[in-house]
Amino acid sequence: RCCNDQLPAAIAKTLCARGVTHTRRESLAQTSAGRVQLSCASCLSTTVSTVDAVILALPFPALPRADLSRVVLLGAGGAGAACADAVLRLGAGQLVIVDQDERRAASLAESLNRRFEGAPARAIGDLPAAMAHASGLIHATPTGTANHPGLPFSAGLLRPSMWISEVVYVPLETPLLKAARAAGCATMDGGCMNVGQAAGAFGLFTGQQADAARMEAHFRSMT
């Protein structure tokens, strides 16, 4: 289905039960009530389930004591935008967005500030400056995958007091996670987002609650 198609009635009913509305005009937007709008089933797995992965789908938080006072988001693309929405909904005090495309980072910050009180998001172009006072980092770029190997930044920017959340899940153990653990950081690998997306999408499409713990065990048995 394309974004001009209406959602099937069964899926629309499930979305409404979860507080999600849908329209024909936009594939993803935020209403004044803070609800996500989407227009078709093809948008479902790439937006809503990503946003809800940590918040709704997993049976327990991977970083239960994460300090959300000042979070840095590296990467303002699709995955980064979803993570930004999620971490602000979780209560992040400040969100500093860094992307090699500074205009994209600024656009995301402006969009978030229209939806969240207190204008918690801002974009800057200096990653070392952003990291200097960060309580945690969400990495949402392709760096660390087979096609983009290596670290997204110098390991010297990592501090033991920080937590690191990785979006990349192939490979599950990325260079960033290895460096973060070596630096003493608490970490969450990309498998959490992967399983969260699957469990969230299952619930949205079927109206049934997925066994996220079983799904995660199966996923990790294959990696």
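**Entry 1: the loop after α3.** I began with Leu-90, which lies in the loop between α3 and β5. The model is a predicted one, and I read every value below as computed from it. I asked whether Leu-90 is buried, exposed or partly exposed. With a relative accessible area of 44%, Leu-90 is partly exposed, because that class runs between the 20% limit for buried and the 50% limit for exposed. I then looked up its distance to Leu-68: the C-alpha atoms are 8.3 Å apart in space, and the two residues are 22 apart in sequence.

**Entry 2: the sheet.** I next traced the order of the strands. I found an open sheet of 6 strands, running β6-β5-β4-β7-β8-β9, with parallel pairing. Its edge strands are β6 (121-123) and β9 (186-188), each of which pairs on one side only. From one strand to the next, the twist averages 20°. I then placed helix α3 (residues 78-89), which packs on this sheet and touches β4 (70-74), β5 and β7 (136-139). The direction of α3 makes about 170° with that of β4.

**Entry 3: the β5-β6 pair.** I looked up how β5 (residues 94-98) meets the edge strand β6: they pair in the parallel sense over 3 bridges. Which residue of β6 is the bridge partner of Leu-95? I noted Ala-121 in that role.

**Entry 4: Ser-165.** I moved to strand β8 (residues 163-166), which holds Ser-165. Ser-165 has a relative accessible area of 7% and is therefore buried. I listed its contacts, leaving aside neighbours within four places in sequence: they are Leu-137, Ile-138, His-139 and Met-188.

**Entry 5: helix α8.** Which residues of α8 (residues 212-221) are buried? I recorded Ala-212, Glu-216 and Phe-219. Viewed down the axis of α8, these buried residues fall within an arc of 65°, so they line one face of the helix. For the spacing I recalled that an α-helix has 3.6 residues a turn, so residues three or four places apart point the same way. On the other side of α8, I found Arg-214 and Ser-221 exposed.

**Entry 6: cysteines.** I closed with the cysteines. How many disulfides does the structure hold? I found 0 disulfides. I also checked the accessibility of two cysteines: Cys-83 counts as buried because its relative accessibility is 13%, and Cys-192 is buried at 5%.

Definitions and conventions: Residues numbered from 1 in each chain as written. Predicted model: local features only at pLDDT ≥ 70, side-chain atom pairs only at ≥ 80, totals over all residues. Heavy atoms only, no water. Disulfide = S-S within 2.5 Å. Buried < 20%, exposed > 50% of the residue type's maximum accessible area, 1.4 Å probe, protein only. Helix = DSSP H or I, 4+ residues; strand = E, 2+ residues; numbered from the N terminus. Contact = heavy atoms within 4.5 Å. Arc of directions from axis to C-beta. Pairing = 2+ DSSP bridges. Axes fitted to C-alpha atoms, helices over the stretch in contact; angles between N-to-C directions.
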